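Got a structure in front of you and wondering where the labels come from? Let's go through some of them one at a time.

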Amino acid sequence: MPALVNADECSGCGTCVDECPSEAITLDEEKGIAVVDQDECVECGACEEACPNQAIKVTE
């Protein structure tokens, strides 16, 4: 299952955006959080490892 963002924990720092090899993550400037394009996510876990707030998870 693709990565999911916990909006309550996400600070909008953009670390996950920089680490995503498939460019599946963008920042929603209005909400100030990361957003994952579920169709583009390759479920690699790079975003989960990079997130300093542990706000993004790749679930099974």
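Q: Where does Cys47 lie?
A: Cys47 lies in helix H2, which covers residues 46-50. Keep in mind that this is a predicted model, so each value here is computed from that prediction.

Q: Why is Cys47 called buried rather than exposed?
A: The relative accessible area of Cys47 is 7%. Buried means under 20%, so Cys47 counts as buried.

Q: What is Cys47 in contact with, once its neighbours within four places in sequence are left aside?
A: Cys47 is in contact with Ala3, Cys16, Ile25, Ile56 and Val58. A contact takes heavy atoms within 4.5 Å. Thr26 is another residue to look at: Cys47 and Thr26 are 21 residues apart in sequence and 12 Å apart in space, going from C-alpha to C-alpha.

Q: What makes a set of residues the largest nonpolar core here, and which have the most contacts inside it?
A: A nonpolar core is made of buried residues of certain kinds, Cys and Ile among them, joined through side-chain atoms within 4.5 Å. The largest one has 14 residues, and those with the most contacts inside it are Ala3, Ile25, Val36, Cys47 and Ile56. Strand S3, residues 33-36, gives the most to this core, with three residues.

Q: Which residues does Ile56 touch, leaving aside neighbours within four places in sequence?
A: Ile56 is in contact with Ala3, Leu4, Val5, Ile25, Val36, Cys47, Glu48 and Cys51.

Q: How do you know that S2 and S3 pair, and in which sense?
A: Two strands pair if there are at least two bridges between them. Strand S2 (residues 25-28) and S3 have four bridges, in the antiparallel sense, so they pass that cut-off. Ile25 stands opposite Val36 in S3. S2 and S3 also form a hairpin with four residues between them, and Gly32 in the turn has a positive phi of about 75°.

Q: How many disulfides does a search of the whole structure find?
A: The search finds zero disulfides. As for Cys16, the nearest cysteine sulfur is that of Cys10, 6.1 Å away, and Cys16 is in no disulfide.

Q: Why is there no bond between Cys44 and the closest cysteine sulfur?
A: A disulfide is a covalent bond between the sulfur atoms of two cysteines. To count as one, the two sulfur atoms have to be within 2.5 Å. The sulfur of Cys44 is 6.1 Å from the closest cysteine sulfur, in Cys20, so that is too far for a bond.

Q: Are Cys16 and Cys44 buried, exposed or partly exposed, and what makes them so?
A: Cys16 has a relative accessible area of 9%, which is under the 20% cut-off, so Cys16 is buried. Cys44 has 46%; that falls between 20% and 50%, so Cys44 is partly exposed.

Q: Why is Asn53 called partly exposed?
A: Asn53 has a relative accessible area of 31%. Partly exposed runs between 20% and 50%, so the label fits Asn53. Asn53 is found in the loop between H2 and strand S4 (56-58). Apart from neighbours within four places in sequence, Asn53 is in contact with Glu9 and Ser11. Asn53 and Gly12 are 41 residues apart in sequence and 9.9 Å apart in space, C-alpha to C-alpha.

Q: What is the phi of Glu23, and is Glu23 buried or exposed?
A: Phi of Glu23 is near 55°, a positive value in a residue other than glycine. Glu23 is found in the loop between helix H1 (15-19) and S2. Its relative accessible area is 69%; exposed means over 50%, so Glu23 is exposed.

Q: What about Glu43: where does it lie, and which accessibility label does it get?
A: Glu43 lies in the loop between S3 and H2, and its phi is near 60°, again positive in a residue other than glycine. At 41% relative accessibility, between the 20% and 50% cut-offs, Glu43 counts as partly exposed.

Q: In what order do the elements of the protein chain run?
A: From the N terminus on, they run β-α-β-β-α-β, which comes to two helices and four strands.

Q: Why is the protein chain called as compact as a globular protein of its length?
A: Its radius of gyration is 10 Å, close to the 10 Å that the globule rule gives for 60 residues, so the label follows.

Notes. Residues numbered from 1 in each chain as written. Predicted model: local features only at pLDDT ≥ 70, side-chain atom pairs only at ≥ 80, totals over all residues. Heavy atoms only, no water. Rg over C-alpha atoms; globule rule 2.2 N^0.38 Å. Buried < 20%, exposed > 50% of the residue type's maximum accessible area, 1.4 Å probe, protein only.
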